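Me: I am in my first year and would like a close look at a single part of a protein model, explained slowly and in connected prose. Here is what I have in front of me.

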Amino acid sequence: MTSVSSPARVIRIGSRKSQLALVQTYWVQAELQKSFPHITFEVHTMSTQGDKILDVALAKIGDKGLFTKELELGMINKEIDFAVHSLKDLPTNLPEGLTLAAITERENPADAVVLHEKHKGLQIETLPANAVIGTSSLRRLAQLRHKFPDFTFKDVRGNLITRMAKLDAGEYDALILAVAGLERLEMSDRIHQVLTPEISLHAVGQGALGIECRADDTEVISLLKAIEHPQTRDRCLAERSFLRVLEGGCQVPIGVNTVISGDELTLKGLVASVDGQQIVKDTVTGTAADAEKLGAQLASILREQGATEILEKIFTEVQRGS
């Protein structure tokens with residue numbers, strides 16, 4: 001009697017269409033394929049709202065799920081089984097029925113300075129007054145305005161290649177970008193300086209990938225745990241808890257830095273006004289097992305120091321479109 005082999009299980013991965021998103025998604029696909037060769041992992045791409053609206057500053061679009069909503073709808077409608085996100089783009093409150101199933105090992109989460117060639121050999125501290133600095137992040141903008149009030153800051157949108165082309169064409173003297181994105185696109189040679197936490201605390205989740213799926217899909221969740229990195233998970237859960245309790249979206253001047261030493265986790269957090277004039281920051285330390293409690297604790301400390309008033313003013317300004 002001839003045996004009939006059952007068809008291979010197919011799992012559909014959702015991704016944005018940008019070059020960086022695809023590099024990240026194909027990495028996840030390859031890692032899972034190595035661990036589970038009997039399963040076929042297919043990549044399905046979608047355009048998100050954040051990919052389509054490129055002529056408006058991110059903060060003014062007023063949507064916390066700019067780069068995730070379409071992918072989340074795809075999961076809810078069972079068009080895809082899970083989605084790969086840059087964790088910094090994933091809101092801290094997920095739609096009902098979806099869960100953050102895994103967080104992968106973090107690349108360097110710091111911010112990088114990429115200079116126009118005429119400034120080769122300089123660093124951000126030695127750029128001329130009125131240098132034009134490109135960034136689409138209110139977090140970077142606020143911290144750099146605080147440190148370097150003489151610079152001119154200009155919004156820059158588009159994918160990494162587009163931003164680099166604008167820099168090379170002379171529209172900017174420097175860009176501030178994520179080290180992790182440049183490294184993943186094999187553009188590390190363009191990094192002139194990695195900013196220290198004293199100059200710029202990084203975004204919540206920056207450098208890590210967050211994999212989201214349906215909360216009731218126990219099979220997919222168990223597969224995704226194979227590529228989770230426990231230390232990165234603890235660091236990022238602390239950061240996301242800090243952001244969630246502050247009720248901050250992706251586009252607010254909130255920065256963090258986390259370090260794990262043994263079982264001890266240290267979380268530094270900052271809230272700043274967009275003009276860089278007001279900054280509150282503090283640090284908490286505790287056991288990594290209490291990561292989310294530590295994040296909430298730090299948020300409460302900063303609220304007592306005036307973070308609530310700073311954030312309320314920012315939300316009001318964004319709603320007015322200023």
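In which loop is His116 found? Please start there and work outwards to the parts around it.

Reply: His116 is found in the loop between β5 and β6, the latter being residues 132-134. Before going further, please keep in mind that this is a predicted model, and that the values below are computed from it.

Let us begin with the residue itself. His116 has a relative accessible area of 11%, and since buried means under 20%, it is therefore classed as buried. Leaving aside residues up to four places away in sequence, His116 touches Leu167, Asp168, Gly170, Tyr172 and Asp173.

Next comes the strand named at one end of that loop, β5, which covers residues 111-115. Five of its five residues are buried, so β5 is largely enclosed by the rest of the structure. It helps to look at the two faces of β5 in turn: Asp111, Val113 and Leu115 lie on one side, Ala112 and Val114 lie on the other, and all of these are buried, so that both faces are covered.

What does β5 pair with? Strands of a sheet pair through backbone hydrogen bonds, and they may do so in a parallel or an antiparallel way. With strand β8, residues 174-178, β5 runs antiparallel and is joined by five bridges; within this pairing, Val114 stands opposite Leu175 of β8. With strand β9, residues 193-194, β5 also runs antiparallel, here joined by two bridges, and Val113 stands opposite Gln193 of β9.

From Val113 we can step to Ile124, because Val113 and Ile124 are in contact, that is, they have heavy atoms within 4.5 Å. Not counting residues up to four places away in sequence, Ile124 touches Val113, Leu144, Phe148, Phe151, Ile176, Gln193 and Leu195. Ile124 also belongs to the largest nonpolar core, which has 41 residues, and together with Phe242 and Val271 it is among those with the most contacts inside that core. The largest share of this core, five residues, comes from helix α10, which spans residues 291-304. Apart from it lies another core, of 19 residues, which includes Leu32, Phe82, Ala101 and Val220.

Two of the residues that Ile124 touches, Phe148 and Phe151, lead us to the aromatic rings. A pair of aromatic rings is described by the distance of the centres and the angle of the planes. The count comes to two aromatic pairs. In one of them, the rings of Phe148 and Phe151 have their centres 5.2 Å apart and their planes at 20°, so this pair is stacked; Phe148 and Phe151 are buried. In the other, the rings of Phe151 and Phe153 have their centres 6.4 Å apart and their planes at 65°, so this pair is edge-to-face, and here too both residues are buried. Through these ring pairs, Phe148, Phe151 and Phe153 are linked into a cluster.

Ile176, which Ile124 also touches, gives a further link. Ser136, placed in the loop between β6 and α5 (138-147), is 40 residues from Ile176 in sequence, and their C-alpha atoms are 8.8 Å apart in space. Ser136 is buried, with a relative accessible area of 11%.

Finally, it is worth setting this part within the whole chain, whose secondary structure comes to 11 helices and 13 strands. Of its 322 residues, 52% are buried, and among contacts with a separation of 6 or more, 69% are between residues 24 or more positions apart. The chain also has an open sheet of five strands, with the order β2-β1-β3-β10-β4 and mixed pairing. The edge strands of this sheet are β2 (39-46) and β4 (98-103), each of which pairs on one side only, and its neighbouring strands are turned by 30° against each other on average, direction ignored. Helix α1, residues 19-35, packs on the sheet, where it touches β1, β2, β3 and β10, and its direction makes about 170° with that of β2. At the β4 edge, β4 and β10 (residues 209-214) pair in the antiparallel sense over five bridges, with Thr99 standing opposite Cys213 in β10.

How values were computed
Residues are numbered from 1 along each chain as its sequence is written. This is a predicted model: local features need pLDDT of at least 70, side-chain atom pairs count only at pLDDT 80 or more; totals for chains, interfaces and linings use all residues. Side-chain values use heavy atoms; hydrogens and water are left out. Helices (H or I, at least four residues) and strands (E, at least two) are DSSP runs, numbered from the N terminus. Buried means under 20% relative accessible area, exposed over 50%, partly exposed in between (1.4 Å probe, protein chains only). Two strands pair if DSSP finds at least two bridges between them. Axes are lines fitted to C-alpha atoms, for helices over the stretch in contact, and angles run from 0 to 180 degrees between N-to-C directions. A nonpolar core is a set of buried Ala, Val, Leu, Ile, Met, Phe, Trp, Tyr and Cys residues joined through side-chain atoms within 4.5 Å. Rings of Phe, Tyr and Trp (its six-membered ring) pair if their centres lie within 6.5 Å; planes under 30 degrees apart count as stacked, over 60 as edge-to-face and the rest as tilted.
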